[in-house]
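User: I have a structure open and would like to go through it piece by piece. Can we start with one of the helices?

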Amino acid sequence: MILVTGGAGFIGANFVLDWLKTTDEPVINLDKLTYAGNLQNLASISSDTRHIFVQGDIGDQNLIARLLREYQPRAIINFAAESHVDRSIHGPEDFIQTNVVGTFHLLEAVRDHWNNLHETARSQFRFLHVSTDEVYGSLGSADAPFTETTAYAPNSPYSASKAASDHLVRAYHHTYGLPVLTTNCSNNYGPYQFPEKLIPLVMMNAVAGKPLPIYGDGLNVRDWLYVGDHCSAIRTVLANGTAGEVYNIGGWNEKANIDVVKTICAILDELHPGSPVTPHAELITYVKDRAGHDRRYAIDASKIERELGWRPAETFETGIRKTVAWYLNNQDWVANIASGEYRHWIEKQYGSVA
């Protein structure tokens with residue numbers, strides 16, 4: 001079996017669902033259930049005996065050690081992280097505690113466990129650390145995309161904390177021999193994404209007839225990766241990646257934020273013409289840019305294709321249409337999310353415009 005950390009969040013939950021759909025191998029799912037961790041994401045497997053959920057923190061070294069002793073997983077996939085730039089600007093301490101200190105305690109427990117495995121199990125064991133392209137910093141419009149050898153230059157507390165965790169994972173391989181794999185992905189989108197992020201926020205507001213807040217001039221560029229493709233890439237790296245290596249995972253879809261929003265609006269005009277305001281693009285509202293907003297990210301994902309044969313199955317056009325349809329067809333999930341802590345956060349971040 002495998003152990004997944006952060007498996008009730010957006011990417012982690014999609015990975016757990018995808019894993020159990022494609023294999024019979026059981027999953028131990030450890031999640032702290034902070035604001036973005038949601039067991040409703042896993043409702044479809046609530047009675048599946050292959051899914052063992054444990055509420056807990058990766059920073060709880062004793063808990064990690066107990067789970068490793070009890071279940072003897074052959075691999076760990078670490079999704080657990082605080083992951084939103086805006087939140088890191090307002091409250092960086094949580095990002096340091098989870099992404100840096102938490103990763104350290106997780107690595108320490110894993111190292112001790114790995115050292116006590118018999119030789120065959122030690123050679124087959126893997127620790128896969130899921131990271132982000134934001135650790136590489138910002139690109140100019142004419143710069144080449146990030147590769148696995150691009151120098152780190154994080155510009156937000158979030159990306160700095162993820163860069164630190166990446167360095168710890170690398171150090172545990174080179175110092176102790178721990179068989180690690182690191183993946184750095186571009187912007188994910190798809191089902192179950194907490195609506196503080198651009199695409200689900202726009203979806204929710206557009207359907208409700210509320211303003212669609214766009215930072216600055218809307219021309220910040222990101223590479224967009226459908227979460228299902230990300231899950232398949234992680235499975236590929238886990239199965240065939242070389243220990244100690246880094247693999248960039250991208251969608252080959254560079255889009256300006258404003259173009260992403262306009263695309264969503266156009267799909268909603270077609271699929272949801274009954275919204276309070278149509279065409280939905282009339283709701284676009286430009287707001288003050290966030291501090292330290294990186295201008296462009298772009299991933300060169302040729303290494304994973306060349307060495308492991310992986311390439312995304314979805315274009316942005318096919319992936320975003322699937323995503324819009326999912327949110328429209330899962331309004332109960334949306335309604336449950338759009339209350340309480342989420343509403344407080346949106347008001348704090350965007351004020352009256354959202």
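User: What span should helix H8 have at 1.5 Å a residue, and how far apart are its end C-alpha atoms?

Analyst: Helix H8 covers residues 227-240, and its 14 residues should span 20 Å at 1.5 Å a residue; the end C-alpha atoms are 20 Å apart, so the two agree. The expected span is 1.5 Å times one less than the number of residues. Helices (H or I, at least four residues) and strands (E, at least two) are DSSP runs numbered from the N terminus.

User: Where do the numbers come from?

Analyst: This is a predicted model, where local features need pLDDT of at least 70, side-chain atom pairs count only at pLDDT 80 or more, and totals for chains, interfaces and linings use all residues. Residues are numbered from 1 along each chain as its sequence is written, and side-chain values use heavy atoms, with hydrogens and water left out.

User: Is H8 mostly covered or mostly uncovered?

Analyst: Mostly covered: 10 of the 14 residues in H8 are buried. Buried means under 20% relative accessible area, exposed means over 50%, and partly exposed is in between (1.4 Å probe, protein chains only). Among the buried residues of H8 are Asp-229, His-230, Ile-234 and Leu-238.

User: New topic. Which residues touch the most other members of the largest nonpolar core?

Analyst: Phe-15, Ile-77, Ile-264 and Ile-304 do, in a core of 68 residues. Helix H1 (residues 10-22) gives the largest share of this core, 8 residues. A nonpolar core is a set of buried Ala, Val, Leu, Ile, Met, Phe, Trp, Tyr and Cys residues joined through side-chain atoms within 4.5 Å. There is also a second, separate core of 23 residues, which includes Leu-63 and Leu-106.

User: What is Ile-264 in contact with, leaving aside neighbours within four places in sequence?

Analyst: Ile-199, Val-202, Met-203, Ile-320 and Val-324. Contact means heavy atoms within 4.5 Å.

User: How many aromatic pairs does the structure hold?

Analyst: It holds 16. Rings of Phe, Tyr and Trp (its six-membered ring) pair if their centres lie within 6.5 Å; planes under 30 degrees apart count as stacked, over 60 as edge-to-face and the rest as tilted. One edge-to-face pair is Tyr-35 with Phe-194, at 5.1 Å centre to centre and 75° between the planes. These two are 159 residues apart, with Tyr-35 in the loop between strands S2 and S3 and Phe-194 in the loop between strand S7 and helix H7.

User: Which of those two is buried?

Analyst: Phe-194 is buried, with a relative accessible area of 9%, while Tyr-35 is partly exposed at 23%.

User: Got another pair?

Analyst: Tyr-136 and Tyr-152 have ring centres 5.5 Å apart and planes at 90°, so this pair is edge-to-face. Both lie in the loop between S5 and H6, 16 residues apart. Ring pairs also link Tyr-136, Phe-146, Tyr-152 and Tyr-297 into a cluster.

User: And Asp-133, what does it touch?

Analyst: Not counting residues up to four places away in sequence, Asp-133 touches Phe-146 and Tyr-297, among others including Asn-184 and Cys-185. Asp-133 is in the loop between strand S5 (126-132) and helix H6 (157-176).

User: How far away is its nearest side chain of opposite charge?

Analyst: That is Arg-222, 6.7 Å away; Asp-133 is buried yet has no salt bridge. A salt bridge is a side-chain nitrogen of Lys or Arg within 4 Å of a carboxyl oxygen of Asp or Glu. Lys and Arg count as positive, Asp and Glu as negative, and His and the chain ends are not counted.
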